[in-house]
Amino acid sequence: MPWPFSWFKSSKTDKGSIVNVVEETQPKSESINEGTISNIAKTAVTSDNCERGEGAFTSCSKDAQDCSSSTTACACSSFKTSPSPNLKALNQQSTPQLLILYGSQTGMSKAFAEQLAVACKLALASQAEFEDIQCMDMTKFEPERLISDLPEGSVFLIVVSTYEGGTPPDAARWFCRWLEDAAHDFRVGSSALLERKIRYAVFGCGNSLYGDNFNAVAKRVDSQLSTLGGVSVTDVGLGDEDTGKLTLQFQEWSNKVIAGLSQDQNSKQSGGSSQNKEVQTQQEGTTSDNYEDTDDDEEEDLGGEDVDMEDLGGVAPKKAKKSSTRLRDAADADSKHGGERSIVVSAPEMLTPIVSAPEMLTPIVRASLTKQGYKLIGTHSGVKMCRWTKSMLRGRGGCYKHAFYGIESHRCMEATPSLACANKCVFCWRHHSNPVGRSWKWAMDGPVDIVDQAVSLHQRMVKEYSGVPGVVAERVAEGLQIRHCALSLVGEPIMYPEINGLVSELHKRHISTFLVTNAQFPDRIKQLSPVTQLYVSVDAATPESLKAIDRPLFSDYWERFTACLSCLKEKQQRTVYRLTLVKGWNMAEVQQYASLIDLGQPDFIEIKGVTYCGDSGASSLTMQNVPYHVDVREFGQAICNARNGEYGLACEHAHSCCILLARTDRFLIDGRWHTWIDYEKFQQLVRSGKSFTTQDYLAETPAWAEYGSNEAGFDPIQQRVKKERKHPGKSSNNNIAETEI
């Protein structure tokens, strides 16, 4: 199906140039973030109606005012998002209005609404009924106007997402609450909207992975507007980003909306009465003569990506190379609309992709992650320099893995072969800017290529620190020789089908592997070849708290979770339970956590306080949810007590608010802890091809890294730099934290 639409009416200037021609493009993420409309519609104009000159193409953006016209206005100056409309002026108008309202958490619904606004402006520009077309956030609209002073015959189009637990996004909460109250208030009545011939249409941005909550908000809004007597222009649109065709679904719904509005107006002009329900029925059974039909197989090639739509601020299906846009000659289009000739702007031709599966990284996802500093690799992988790598390049201390396991932080590469994840954890430090999915359905890059590019990109980032004041030259030289890889950057690394090949490639280069999994893929854990250390995130100890904290996509998440823990018992190499403590969420579950240890019997238990990553629409956490180091220590002691000495307090890294529990029967040897790793011995064991166990490559833990030491996990050969940081909301007795930087 062509996009935005394939049947816009033409207008002519004195010289006969065609205006209001739409060329298919997609909005850039930067434009979406700024609330502007960019690169959506392009208009062919002449010097008669635009100061930019004959034949120029202009795009709708926030600088649209640069283009002025005394006659037929070009698209760039004909519409702008209304951040704060003059409600008093709106109330005094008597002509019907077309209002486009959006409720968006982080940008997707807003982007769709802005696209629809431009398309409506272009398609309906010649219809006097809709001289006033506005697009606004639901927070800017007073819902009381629906039943009071909205001009007769007005139309409002709603684009809204469904958020956590089937609730509306923050921007739509008041509108939805008011609408629900009005729909159940007998004083309002079922003819509140019918009497003034108010029409509406609703499109929802949702994900069918969430079962009963799929597009729950859009369904409720549509039902409640109908209860109040509103006449729907077309059926509620249920966009499903799990299908990978969310944009196409929105396009189809939008075409139906504009077709319905256009047909209503034509009926009025010809003397007939408009009945939207009949129009809708006609649309379902027929297609406009001027539509450019799109083959279903071609649409399959365009989508397929699982992207968390509201966290990314916009999604566009992957396109193949674009060829020139064809404009059907107006003389060949014989259909008439209101006495004006129709023209057709078809979508750009789509070439068949080389691979049948879509790419995980869409342009919007790429833009979002790149802006955050990720170095993206191929179609689904990434690498990013850790802050502790930078710290150790300056000789200012290493991460907790340096204290617990002896890695050299400045020689560690943080990467992932899969940016997608099956959870949406409340404490995710990536703010859910990565895709989501329950299985691998994307095009796949080879493990050798991924490792080659990851190493090259990481080395390039290290080289950039050469000559930087404070950076130790010797550390930079060492940092170019990567010796460790933390497969924990973002997403779920174990989802990558060739994870064993990738691990093997890293080991061939003498790079140790620390792999973290979110405990939702037990079969993949069973199939995993030996890694240096395998982590399983244990974010909660009961089904209820796990669902609340990890927000998993799988309905059988608890069964998968416990199965993953049980898999660790069969592993011969080092295994770790990784606990993230969130104050007020999971810190009262000591006994339940202790019971889960029986399932996997891990070598180690890492306990860390949650890191506050700032305000985000994707999370409700605040600094009040961050425990102090003393809280983490007390929790660890309680676990040790509950296990009757099976585990002991081995190490701590106070700056990371993290401690390590270790099995006393394996790692407490002659009164000294042996939690460090003999990395050269591990590489020898891997190359031998023989089976080996955890005890075959352990090393003694230095005194400064042990629990209770004066250094509290800070390597004394590093330079300790401190600053005072006051955290708002913390108690006066503990509101100053000493921080190594």
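Two strands count as paired here if DSSP finds at least two bridges between them, and the views below come from a predicted model.

**View 1. Ten strands line up in one open sheet.** The strand order is β15-β16-β17-β18-β19-β20-β21-β22-β24-β23, with mixed pairing. At the edges sit β15 (375-377) and β23 (647-653), each of which pairs on one side only. From one strand to the next, the twist averages 25 degrees.

**View 2. Strands β18 and β19 run parallel.** Look for the four bridges that join β18 (residues 484-487) to β19 (residues 512-517). One residue to pick out is Cys485, whose bridge partner in β19 is Thr513. Helices also pack on this sheet: α14 touches β15, β16 (381-384) and β17 (412-416), and its direction makes about 165 degrees with that of β15. Helix α20 touches β21 (574-581), β22 (604-609) and β23, at about 160 degrees to the direction of β21.

**View 3. Met461 is a buried residue of helix α14.** Its relative accessible area is 7%, and residues under 20% count as buried, so Met461 falls in that class. Leaving aside residues up to four places away in sequence, Met461 touches Lys375, Val383, Lys384 and Met385. Leu480 lies 19 residues from Met461 in sequence and 9.4 Å from it in space, C-alpha to C-alpha.

**View 4. Helices α19 and α20 pack against each other.** The axes of α19 (residues 557-568) and α20 (residues 590-600) are 6 Å apart and meet at an angle of about 60 degrees, so the two helices are oblique to each other. Trp558, Phe561, Thr562, Leu565, Ser566 and Leu568 of α19 make the contact with Leu596, Leu599 and Gly600 of α20. Six of these residues are nonpolar, three are polar and none is charged.

Definitions and conventions: Residues numbered from 1 in each chain as written. Predicted model: local features only at pLDDT ≥ 70, side-chain atom pairs only at ≥ 80, totals over all residues. Heavy atoms only, no water. Axes fitted to C-alpha atoms, helices over the stretch in contact; angles between N-to-C directions. Parallel < 35°, antiparallel > 145°, perpendicular 65-115°, else oblique. Contact = heavy atoms within 4.5 Å. Nonpolar A, V, L, I, M, F, W, Y, C, P; charged D, E, K, R; others polar. Buried < 20%, exposed > 50% of the residue type's maximum accessible area, 1.4 Å probe, protein only.
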